[in-house]
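Please look through the sequence and the model shown here before reading on. The paragraphs after it are meant as a guided walk for someone who has not met this structure before.

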Amino acid sequence: MERGTLVRWNDDKGFGFIKPNTPNAQDVFIHISALKQMARKPVVGDEIVYQSQQQSDGKIKAVKASIEGVAVVSGIASGLANKPTRSQYRDHTPTSHYSHRRSGSRLQRMIFIIILVSIGSFAIKQYQALNATPVTSFEDLPAVEAQEWQPATPKFRCEAGKTHCSHMRSCEEAKFYLRNCPGTEMDGDHDGIPCERQWCG
């Protein structure tokens, strides 16, 4: 097996070139099919372990290759470096996947149960709080003695002889006399506003 560095890679077309670690060696063509068993696509700068083959046109092509430090996920490339370890094989066994699914579903069940218990506990506390709140009935309200309705006492009252603005003490009193008391002489222009010069101006 030989080693080299991937110096060019065309991801759209799926091929590139390896710069061998051997001095003065020509670049080696590599196609994605030679790396189909790798866990990821190659990128420029990857260390490539490969087996070379000379083509009819004299160019060298990598026919079996692996990326240094990247796990093999499908197929078995004999003689290549970086073969999956026993632990990697064990991680990809059906039993391992089954145990992961089983532990995941168990964890989801536990979380679901915890959420249900929390909601139930909150609902019980709210119910208890509502029942603990005392309700005041009509009988518990303090008795209020009925009071006879009495009309409000007017602030002003008509007095004999109070007919002019000079007899008033405020605009409010003048308006009361103009509305309620006969014989007043406080609205000369008859606009409804009495004593405009003295009080309501």
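What follows goes from strands to cores, then to charged pairs, and ends with one charged residue.

This is a predicted model, in which local features need pLDDT of at least 70 and side-chain atom pairs count only at pLDDT 80 or more, while totals for chains, interfaces and linings use all residues. Residues are numbered from 1 along each chain as its sequence is written, and side-chain values use heavy atoms, with hydrogens and water left out.

A convenient place to begin is strand β3 (residues 28–31); strands here are DSSP runs of E with at least two residues, helices are runs of H or I with at least four, and both are numbered from the N terminus. Along β3 the side chains alternate, with Val28 and Ile30 pointing to one face, where they are buried, and Phe29 and His31 pointing to the other, where they are not. Buried means under 20% relative accessible area, exposed means over 50%, and partly exposed is in between, computed with a 1.4 Å probe on protein chains only. Strands count as paired if DSSP finds at least two bridges between them, and β3 runs antiparallel to β2, to which four bridges join it; within this pairing Phe29 is the bridge partner of Phe17. With strand β5 (residues 60–67), β3 pairs in the parallel sense over two bridges, and there Ile30 has Ala62 as its bridge partner.

Ile30 also leads into the interior, since in soluble globular proteins nonpolar side chains tend to be buried together. A nonpolar core is a set of buried Ala, Val, Leu, Ile, Met, Phe, Trp, Tyr and Cys residues joined through side-chain atoms within 4.5 Å. The largest such core has 15 residues, and those with the most contacts inside it are Ile18, Ile30, Ile48, Tyr50 and Ala65. Two or more residues come from each of β1, β3, β4 (47–54) and β5, with β5 giving the most, three residues. Ile48, if neighbours within four places in sequence are left aside, is in contact (heavy atoms within 4.5 Å) with residues including Leu6, Ile18, Ile30 and Ala65. A second, separate core of nine residues includes Phe156, Met168, Phe176 and Cys181.

Turning to charge, a salt bridge is a side-chain nitrogen of Lys or Arg within 4 Å of a carboxyl oxygen of Asp or Glu, and by this rule the count comes to six. In one of them, Asp27 and Arg8 meet at 3.2 Å, N to O, and the pair links distant parts of the chain, 19 residues apart, with Asp27 in the loop between β2 (15–20) and β3 and Arg8 in strand β1. Arg40 and Asp46 form another salt bridge at 3.0 Å, in which Asp46 is buried, with a relative accessible area of 9%, whereas Arg40 is partly exposed at 37%. Lys162 and Glu173 meet at 2.8 Å; Lys162 lies in the loop between α2 (94–132) and α3 and Glu173 in helix α3, so this pair ties together parts eleven residues apart in sequence.

Which side chain of opposite charge is nearest to Asp187? Asp187, in the segment after α3 (171–180), is buried yet has no salt bridge, and the nearest such side chain, Arg179, is 11 Å away; in this reckoning Lys and Arg count as positive and Asp and Glu as negative, while His and the chain ends are not counted. A polar atom of the Asp187 side chain does, however, lie 3.2 Å from the backbone nitrogen of His190.

Note on methods: A polar contact is a pair of N or O atoms within 3.5 Å; within protein, one must be able to donate a hydrogen and the other to accept it, and residues adjacent in sequence count only if both atoms are side-chain atoms.
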